[in-house]
Amino acid sequence: MEILLEILSELHPDVDFESCDTLIDDNILDSFDIITLIAEISSEFDVNIPAEEIVPENFNSAKALYALIERLLDQ
Amino acid sequence: MQYNVLEYLEGTVQALPDKVAYANENTGISFMEVYNGAKAIGTFLSSKGIYKQPVVVFMNKCPEAVVAFFGVVYGGDFYVPIEEEMPRFRIQLILDNLNPGAVICDRASKKVMDSFDFGGEVYLYDDMVGTSIDNNALGRIRERAIDTDPIYIIYTSGSTGIPKGVAACHRSVIDYIESLSEVLGVDESTVFGNQTPFYFDASLKELYSTIKAGATTYIIPKSLFMFPVKLVEFLNKYRINTVCWVVPALTMISAFGTLDKIKPECLRTIAFGSEVFPVKQLNLWRRALPEAQFINLYGPTEATGMCCYFKVDRPFEEGEVLPIGRPFRNTEIILLDENNRVPARGELGEICVRGTSLTLGYYKDFDRTAEVFVQNPLNDAYPENIYRTGDLGRYNERGELVFVSRKDHQVKHMGHRVELGEIEVNVNMIEGVKSACCVYDEEGKKIVLFYVGEASQKEVAATLRERLPRYMLPNHIEVLETMPLTTNGKIDRKFLKGRLYTTY
């Protein structure tokens, strides 16, 4: 989780990712962020996020995103 | 002969009055509604005596915003699109540069507008569109109109920190749209899926081709460009068959294997521009849609829109560069070397544009206009302007034009044109920053900012967020003890660029 939070704060140093759960709903993340995130996650966690998992629900909070990574790692 | 862009609308409304012209997921408006709405807005502006002036259209991206654009042209004025997602600081700079005759708002943007330092008139779209049309007044405006009168101003990044307002006229837009529709094969059956914001010239492709050919444009919600499967579902739902997108919007779909799961079933023409399309991604698209026509477009805002095209007609392998091809009809591309001479075939030269598609120049900025709209050095007989793009290109062995690089510090990032100098000027204005330099990491596609000073990275990031558009914000910020300098005392960009690949 720490690594993920680090990646996120690099993108937006001024956002509290531990508490925010409206990253998509409040337009905090944009398409560039999503692409960067997916690339960073792929290199840090060695997991590829497939297209069908790139949906708002999985990116609305750091927690949801981390759950997705864990789910993909388990597969 | 056509003199006015509105003749497109007036022709199409006769033939297809009830067809949907512009739509989004909630609403669609017909050509007749566009026509009547635009004439009402033109009448309103005329009744207020606003004539031959810039009029800002500050509305959420929706079909009604297009009606407002054409309405401003009916009034004999020229429109300047602005949206709330632009940073406040930038909007204020634009308002100061323009001193517009009026601002047209929707209900939401009106509240935002009221918080700006602006003494002029602000009108609500809803109030204007109900005006009863005065055909006599509009007729008088049309009679006095000249095809070299401006119709819009679009702002683009300026290295001094002040955005430049490119003003374009009827003539150049007509010239552009005629050639473009021919290249894209636009007709009544065309259904566009618009991606680019209205405050960029890129959206002219859909907005004007639609009224010319009686096509339909769907405005795709911006948020869908984060979610590739949902985006393709949208394309399929509205049977979109033609897109003119920036490259990152297309690679967003292909890069995550989306095309293996869901295909854009109706797409037949896929045009792209803004930056070089990586061949690996292009090939994923071509494999998924073997019947579709792929077209690489190239052109600067200063030459209205696109001025070169390449229809992908053969296989490309990774490592090969997609050409930008050949100029549109009625446009010439001249390559010029450092001595203003045409380089030998295959040699590098600056890409210069000659033709009617040249815009009028930068609004209220004769100095910066004169730097790049210059006398054709190959012509010593009569005045003839060319536009120097600052892009370097060469011809390949097939005689196709290829873009090679920039000759200055302008980069293409996320499909946008960015002057690194504009970011630096804004960083240098922050208290506690002594010196700043931006470099572009082409591989990682990141803007990297280096600065010296006691201001924290957080402060710098937060301040820039208020001043610069999202796509101009550095993706990585690094604080240095001292700024590396060349022997001439300039910031050593090469050294900093080398640092990119070693430090992170």
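This passage walks through helix α2 of chain A, the nonpolar cores and one exposed loop residue. The model is predicted, so local features need pLDDT of at least 70 and side-chain atom pairs count only at pLDDT 80 or more, while totals for chains, interfaces and linings use all residues. Residues are numbered from 1 along each chain as its sequence is written, and chains are lettered from A and ligands numbered from 1 in the order in which they are written.

A good starting point is helix α2 of chain A, residues 31-45 (helices are DSSP runs of H or I with at least four residues, and strands are runs of E with at least two, numbered from the N terminus). Its 15 residues reach 21 Å from first to last C-alpha, close to the 21 Å expected at 1.5 Å a residue (1.5 Å times one less than the number of residues). Within α2(A), A:S31, A:F32, A:I34, A:I35 and A:I41 are buried (20 or more other C-beta atoms within 10 Å of a residue's own; exposed means 12 or fewer, partly exposed in between, with C-beta atoms placed from the backbone). After α2(A) comes A:D46, with a positive phi near 55°.

Next come the nonpolar cores (buried Ala, Val, Leu, Ile, Met, Phe, Trp, Tyr and Cys residues joined through C-beta atoms within 7 Å). The largest has 146 residues, and B:I41, B:V57 and B:I104 have the most contacts inside it. Helix α3 of chain B, residues 63-74, gives this core the most, with nine residues.

Finally, B:E347 sits in the loop between β16 (331-336) and β17 (349-355) of chain B. B:E347 counts as exposed because it has 11 C-beta neighbours inside 10 Å.
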